[in-house]
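Student: I would like a close look at a single part of this model: the ligand site. Please take me through it, then place it in the rest of the protein.

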Amino acid sequence: MSERRKLVAGNWKMNGGLAANQALVQALRGGVGQPVCDVAVCPPPVYLAQLQQLLAGQAAIALGAQDVSQHEGGAFTGDVSAAMLKDFGVRYAIVGHSERRQYQGETDLQVATKVKRALAAGITPIVCVGETLSEREQGLTEFIVRRQLSAVIQLNGPCISEIVVAYEPVWAIGTGKTATPTEAQAVHAVLRTQLRAATEQADRVRILYGGSMNAANAAELLAQPDIDGGLIGGAALKAPDFLTIVAAAA
Ligand code: PEP
């Protein structure tokens, strides 16, 4: 039996707006009760101030960001630093999401540096790793996720006991295709073994699954011994679905 408290985090991606955010948070606050897992929502950065206000006065739902700058501050137009996120009550930051690796060309080293910046500011990075369909078909899944995590371990050393890892097979993100619980657990076990070689605290590290997790498949995925929660995209935008996943993690 795992002693890790599960985490369910909603990645809103580039969705939402002032009115929609308000309605969604109102529904989440109304329905979440006192969850026995950690819950977070990660809106686009321009809405962090709004979300900080909407989430004030409650402890059930934490605020997360979708990215953090690899730089501490200065002439980096468009970047948002870890310290700035912290100013708005951000507790978690997604780092190295496959969409950023793919569309913004983020490298393993940049991802590892972002992890360092987040940790230094007291923000828990949710570090995404995962293989593409062609990498899976070539039998490269383990190699890819180990390489991605290895860069984070190398730069951050024992501090990696403070991170959250999210295994997100790229072919499962936003596609409706989910890794089976057995497939996901197998990769999570690989990541756990890698963490154990790097820190004595590896059993504290939460490894989330992400990739078309939804209200129907969450319970089975979350029942696996090394699946410690979910990073939820599409289903995080519908309060009843997100709340069903939170309940399944309890
Ligand atoms: C994600 O983007 O992190 C994700 C898991 O998306 P979806 O749930 O929509 O596949």
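Student: How far does a polar side-chain atom of His97 lie from an oxygen atom of the ligand?

Tutor: The model is predicted, so every distance here is computed from predicted coordinates. A polar atom in the His97 side chain sits 2.8 Å from an oxygen atom of the ligand. Glu168 also makes a contact through its side chain. There, an N or O atom is 2.7 Å from a ligand oxygen atom. Gly233 uses its backbone instead: one of its backbone N or O atoms lies 2.8 Å from an oxygen atom of the ligand. The ligand is well covered. On its own it has 290 Å² of accessible area, and the protein covers 95% of that.

Now the wider shell. The ligand is surrounded by 14 residues. The closest are Lys13, His97, Glu168, Gly174 and Ser212. So His97 and Glu168 appear both in this closest group and in the contacts above, His97 at 2.8 Å and Glu168 at 2.7 Å. By class, the shell holds eight polar, four nonpolar and two charged residues.

Two of the closest residues deserve a look at their backbone. Lys13 has a phi near 50 degrees, which is positive although the residue is not glycine. Its place in the chain is the loop between β1 (7–11) and α1 (18–32). Ser212 has a phi near 55 degrees, again a positive value in a residue other than glycine. Ser212 lies in the loop that links β7 (206–210) and α9 (218–222).

Next, the pocket computed on the protein atoms alone. The largest pocket has a volume of about 610 Å³. Its lining takes in 26 residues. Nearest its centre are Pro45, Gln66, Asp67, Arg100 and Gln104. Two elements give two or more residues to this lining: α4 (98–103) and α5 (108–120). The largest share, three residues, comes from α4. By class, the lining of the largest pocket has seven charged, nine polar and 10 nonpolar residues.

Finally, the frame around these parts. The protein has 10 helices and eight strands. Its radius of gyration is 17 Å, close to the 18 Å that the globule rule gives for 250 residues, so the protein is as compact as a globular protein of that length. The C-alpha trace spans about 45 × 45 × 35 Å along its principal axes.

To return to the ligand: trace its oxygen contacts in the view, starting with the side chain of His97, then the side chain of Glu168, then the backbone of Gly233.

Definitions and conventions. Residues are numbered from 1 along each chain as its sequence is written. This is a predicted model: local features need pLDDT of at least 70, side-chain atom pairs count only at pLDDT 80 or more; totals for chains, interfaces and linings use all residues. Side-chain values use heavy atoms; hydrogens and water are left out. On a 1 Å grid over the protein atoms alone, a cavity is a set of points where a 1.4 Å probe fits but cannot get out, and a pocket is an open set with protein on both sides within 12 Å along at least five of seven lines; lining residues have an atom within 4 Å of a point. Grid points are joined across faces, edges and corners, and a volume is the space filled by probe spheres set on the points. Helices (H or I, at least four residues) and strands (E, at least two) are DSSP runs, numbered from the N terminus. Ala, Val, Leu, Ile, Met, Phe, Trp, Tyr, Cys and Pro count as nonpolar, Asp, Glu, Lys and Arg as charged, and the others, Gly among them, as polar. A residue is near a molecule or strand if one of its heavy atoms lies within 4 Å of it. A polar contact is a pair of N or O atoms within 3.5 Å; within protein, one must be able to donate a hydrogen and the other to accept it, and residues adjacent in sequence count only if both atoms are side-chain atoms. Accessible areas come from the Shrake-Rupley method with a 1.4 Å probe; for residues, only the protein chains shown count as cover. The radius of gyration is taken over C-alpha atoms; the globule rule is 2.2 Å times the number of residues to the power 0.38.
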